[in-house]
Amino acid sequence: MNKKGLAILMRTRMRPNNDLTKLSLSPLPNRMQSNPQESSGRVMEHSSDDAVKRLDFSGNAERDFDIVRGWMHSAISMKEMEGLDAVLNDFSKGYFSLSLDNRRKLLRLLAKEYDFNRTQVRALMKQYLGLELPSGDNAQSAGQQDDTPLSAFYHLERNLRHALKPTYEVLFERLNTHPGGLGFLSILRADILSILEEENTASLRALDTYLKEKLSMWLSPAVLELHQITWDDPASLLEKIVAYEAVHPISNLIDLKRRLGVGRRCFGYLHPAIPGEPLIFIEVALLKNVAQTVQEVLWDDPPIPESEATCALFYSISSTKPGLSGINLGKFLIKRVITLVKRDMPFISTFATLSPIPGFMQWLLSKLASQSNLDEVEVATRTPGDESVSTFWENILEPEEERLLIESSQDFVTGKNGMEIMFKLLTLSNHEWISSTKLLSALKRPLMRLCARYLVEEKKRGKALDSVANFHLQNGAIIERLNWMADRSVKGLLQSGGIMVNYVYRMEKIEEYAHSYFSTGQIHSSPDILRYVETKKLQDESTE
């Protein structure tokens, strides 16, 4: 595909920045489903006519399922390597020809019927527990000179390790060494994950965990190539950047060229087994200062001379493979890019992000709704003269914040308290509140403070509740600054009320911060962020 072909393709596929209402919340799996041949790498290179001739499908769903199942079984059970590549090709192509229901049926079958043999494992464990450890002088001498008394243990331990390997490991291993097989495995895992969203069965969880571990090993940073993506790259690669950009959709050819031009960088991880397709890529803006709005990064023109830049701002990181979910390639990519930029541009002293806060508004609206419902229940069940307050009740607004909200909202909504008013304002269908200077002023303080609380204090399993925050914090970043009305797009307003956050990577502290977050869940934040959180705590303490 030449550049002209890319331009035509982009005119038909690109989404304008102002049409975010049509943006899928999960675009990558849909793309995978719609074009599996492209996503599977070299497995699908043959023409569709050749595939039909070779596969000889009947059009009968049950019979076709049995054919693909047979190829899968052959790919696992074949002892001779001759002919294995042809079988793996047939299985890969046949899998894509199946209906969605039959793909799921095949994966459930793989998880259950090709697991390890538990009867054999139990028998080996029984033998192992029946062995007696050498004792006294024999044990000491065995540990220092002769392993003979322990030979039975070593033998059974080896057999146990072998027995605990599921049979489907053979399929994964063989596909990994097959041309295009690694890309196909990532698609298999994407399908497994989609099933797990609907039915969280133990056998499928085990299948997913095992495949994830294998993919993590095969996609070690040691085998990944860090590639700077430029306008001179093949059009087929550039088209994938357009298709998979997940944070700020690329609106047209000029937008793409600008993101790859002066004052901008784009880096991706490539794997030799999936040529021409970055597994993950990151976009960087070279700026004088840390940006506070997306406009500064995407639309301000012209860019500054690169020699005047002091900040490398990471404004978008996107994965092209849903099947690699949970495999933190981004951690290694960010560190490699920081090292590379610092080497090539020593005048860059700050490495930061301008990041969305995708879970904030969902958390806040849920909090406001639950407190409002609790208040209604309290009023309905309270006995005359009872002025006690439920231990579950929490007014998340400060008195002055509530007063300003009530005064400023009279022309828009009504409610019996500040939290109900805030909920109604934030759920107005056309986001009318952003067009009112008075409402913006009244909402700024509580939204910024509650957003800081959400990022710093709200956790799940000891880690940050927000997915983007968790990603950067586990990579060793610090929460530096909240930015008011940084993203006024529909998507930005729905996700976080237009607020965005700067995370900063301080090179001398990255490992320390990452370790403390991993081990204790400690979230490192700047004094400005902590002030938002501590102000409310001090007020609560003063009223006790």
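The legends below describe close-up views of a predicted model of one protein chain.

**View 1. The whole chain is a predicted model containing 25 helices and 9 strands.** Of the 544 residues in the protein chain, 48% count as buried. When contacts between residues at least 6 apart in sequence are considered, 74% of them join residues that are at least 24 apart.

**View 2. Seven strands of the chain are arranged in an open sheet with mixed pairing.** Reading across the sheet, the strands follow the order β1-β2-β3-β4-β5-β9-β8. At the edges stand β1, which covers residues 225-228, and β8, which covers residues 478-483, and each of these two strands pairs on one side only. From one strand to the next, the twist averages 30°.

**View 3. Strand β2, made up of residues 264-270, is joined to strand β3 and also pairs with strand β1.** The partner β3 covers residues 280-287 and runs antiparallel to β2, with 6 bridges joining the two strands. The pairing of β1 with β2 is likewise in the antiparallel sense and extends over 4 bridges. Gly 268 of β2 can be used as a landmark in this view, since His 227 stands opposite Gly 268, and Gly 268 in turn stands opposite Phe 281 in β3. Another residue to look for is Arg 264, which stands opposite Ala 285 in β3.

**View 4. The side chains of strand β2 point in two directions, and the residues on both sides are buried.** In a regular strand, side chains alternate between the two faces of the sheet. In β2, Arg 264, Cys 266, Gly 268 and Leu 270 point one way, whereas Arg 265, Phe 267 and Tyr 269 point the other way. Because 7 of the 7 residues of β2 are buried, this strand is largely enclosed by the rest of the structure.

**View 5. Helix α22, residues 467-474, lies across four strands of the sheet, namely β4, β5, β8 and β9.** Among these strands, β4 covers residues 311-319, β5 covers residues 350-353 and β9 covers residues 500-505, and the helix runs at about 10° to β9. Ala 469 has its place in helix α22, and this residue is buried, with a relative accessible area of 0%. Once its neighbours within four places in sequence are left aside, Ala 469 is in contact with Leu 455, Ala 464 and Tyr 503. Ala 469 and Ser 355 are 114 residues apart in sequence, and their C-alpha atoms are 8.6 Å apart in space.

**View 6. Helix α22 packs against helix α24, residues 510-520, at an angle of about 125°.** The axes of the two helices are 8 Å apart, and the angle between α22 and α24 is such that they are therefore oblique to each other. On the side of α22 the contact is made by Asn 470, Leu 473 and Gln 474, while α24 contributes Tyr 513, Ala 514 and Tyr 517. Sorted by class, this contact of α22 with α24 has 4 nonpolar residues, 2 polar residues and no charged residues.

**View 7. Helix α6, residues 84-97, and helix α12, residues 181-196, cross at roughly 35°.** Their axes come within 12 Å, and the crossing of α6 and α12 is left-handed. Phe 91, Ser 92, Tyr 95 and Phe 96 in α6 meet Phe 184, Ile 187, Leu 188 and Asp 191 in α12. By class, the contact of α6 with α12 has 6 nonpolar, 1 polar and 1 charged residues.

Notes:
Residues are numbered from 1 along each chain as its sequence is written. This is a predicted model: local features need pLDDT of at least 70, side-chain atom pairs count only at pLDDT 80 or more; totals for chains, interfaces and linings use all residues. Side-chain values use heavy atoms; hydrogens and water are left out. Axes are lines fitted to C-alpha atoms, for helices over the stretch in contact, and angles run from 0 to 180 degrees between N-to-C directions. A crossing is left-handed if the near helix is turned anticlockwise from the far one by less than a right angle, and right-handed if clockwise. Contact means heavy atoms within 4.5 Å. Ala, Val, Leu, Ile, Met, Phe, Trp, Tyr, Cys and Pro count as nonpolar, Asp, Glu, Lys and Arg as charged, and the others, Gly among them, as polar. Two strands pair if DSSP finds at least two bridges between them. Buried means under 20% relative accessible area, exposed over 50%, partly exposed in between (1.4 Å probe, protein chains only). Angles under 35 degrees count as roughly parallel, over 145 as roughly antiparallel, 65 to 115 as roughly perpendicular and the rest as oblique.
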